[in-house]
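The exercises below treat side-chain and helix contacts, each followed by a worked solution. Please keep the sequence and the model open while working through them.

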Amino acid sequence: MSRYMHWSSLVLALLAAASLPSQGRGEEADRWLSSVECQGRSECRARRSLPTNKIESSLVHGVAVMNCAGVPVRVAAASSDEHRLACDAAGIALKLMSACDIGPKRSITLRLQGEISAPLSKSEMLGLFDTERDLVLVVHLDRVPGLIKDTPFARLPVRDTYTSIVVHEVIHALIHQNLIRPLTNRAAIEYPAFALQIESLPPNSRAAYLASFSRADVEDNKVSFNDITLMLDPFLFAARAYHHFKSSANPCSLIANIMKASADFIFTIPEGF
């Protein structure tokens, strides 16, 4: 799963857990782990898209690409409604990160499309950030209801969920642009994306999402943030990340430490394993 660390017994255990959907995960959970599938994988592809070396030209010439007003974001969308929704969501992500003095180093491009898949994933994905193409991919709005069925996000208005998905992926893009040291596990990559995704929800929708879990589970300070807890239940991981982030006296320092690969609240396998 992680592309940045050497194999060890713990990583092998993690992969074993990821291959057993009956152990608390399932296809719905896989979709929420998909956003890091293309972190450094040249073979990642999105179905119904052109080959990698034609993506940029197709975005410009084959699909309607429009700039978002007031933010350095471009969106390739099938409709003006999706374009507005994606631009608004990207603006929310930029605002959340700007509160921590983190901004884009270059323009961010989003492509909205019918289906997204990646190696090692048997499920259709909601979205991903492809580091090699510097490209955010998110499914079309009308595909979301079927993909979030039987998840905590099914409790929310679909447009709120969709906005949060775009926020999640744009956070990945912003973190990638501002990294000081390479990240060594998925938990570190996902923590800020999930925490700010839940933060981006309107209060009523956020409350509905968090109500899917017991307060004791969400506020359990003894549970560490690591790849195994992420794999086993990404929805609970997201709730815990949000609670941990909001409970911090200096939440921006948490993101800063993640970008320096020095976040002591996330378990990282030591180099050399």
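**Exercise 1.** How do the axes of H7 and helix H11 (residues 234–247) come together, and at roughly what angle do they cross?

Before solving, note that this is a predicted model, in which local features need pLDDT of at least 70, side-chain atom pairs count only at pLDDT 80 or more, and totals for chains, interfaces and linings use all residues. Residues are numbered from 1 along each chain as its sequence is written, and side-chain values use heavy atoms, with hydrogens and water left out.

*Step 1.* Helices are DSSP runs (H or I, at least four residues; strands are E, at least two), numbered from the N terminus, and axes are lines fitted to C-alpha atoms, for helices over the stretch in contact, with angles from 0 to 180 degrees between N-to-C directions.

*Step 2.* The two axes come within 8 Å and cross at roughly 75°, which makes H7 roughly perpendicular to H11 (65 to 115 degrees; under 35 is roughly parallel, over 145 roughly antiparallel, the rest oblique).

*Step 3.* Among the residues in contact (heavy atoms within 4.5 Å) are Tyr191 and Phe194 in H7, and Phe237 and Ala241 in H11.

**Exercise 2.** Trace how Phe225 takes part in aromatic pairs.

*Step 1.* Rings of Phe, Tyr and Trp (its six-membered ring) pair if their centres lie within 6.5 Å, and planes under 30 degrees apart count as stacked, over 60 as edge-to-face and the rest as tilted; the whole structure holds 7 such pairs.

*Step 2.* One of them joins Tyr191 to Phe225, edge-to-face, at 5.2 Å centre to centre and 85° between the planes, and it links residues 34 apart in the chain.

*Step 3.* Tyr191 is buried at 0% relative accessible area, and Phe225 is buried at 6% (buried is under 20%, exposed over 50%, partly exposed in between, with a 1.4 Å probe and protein chains only).

*Step 4.* Phe225 also pairs edge-to-face with Phe265, at 6.3 Å and 90°, so parts 40 residues apart in sequence are tied together.

**Exercise 3.** Which residue forms a salt bridge with Arg143, and how far apart are the closest N and O atoms?

*Step 1.* A salt bridge needs a side-chain nitrogen of Lys or Arg within 4 Å of a carboxyl oxygen of Asp or Glu.

*Step 2.* The partner of Arg143 is Glu124, with the closest N and O atoms 2.7 Å apart, and the two residues are 19 apart in the chain.

*Step 3.* Arg143 is partly exposed at 29%, whereas Glu124 counts as buried at 13%.
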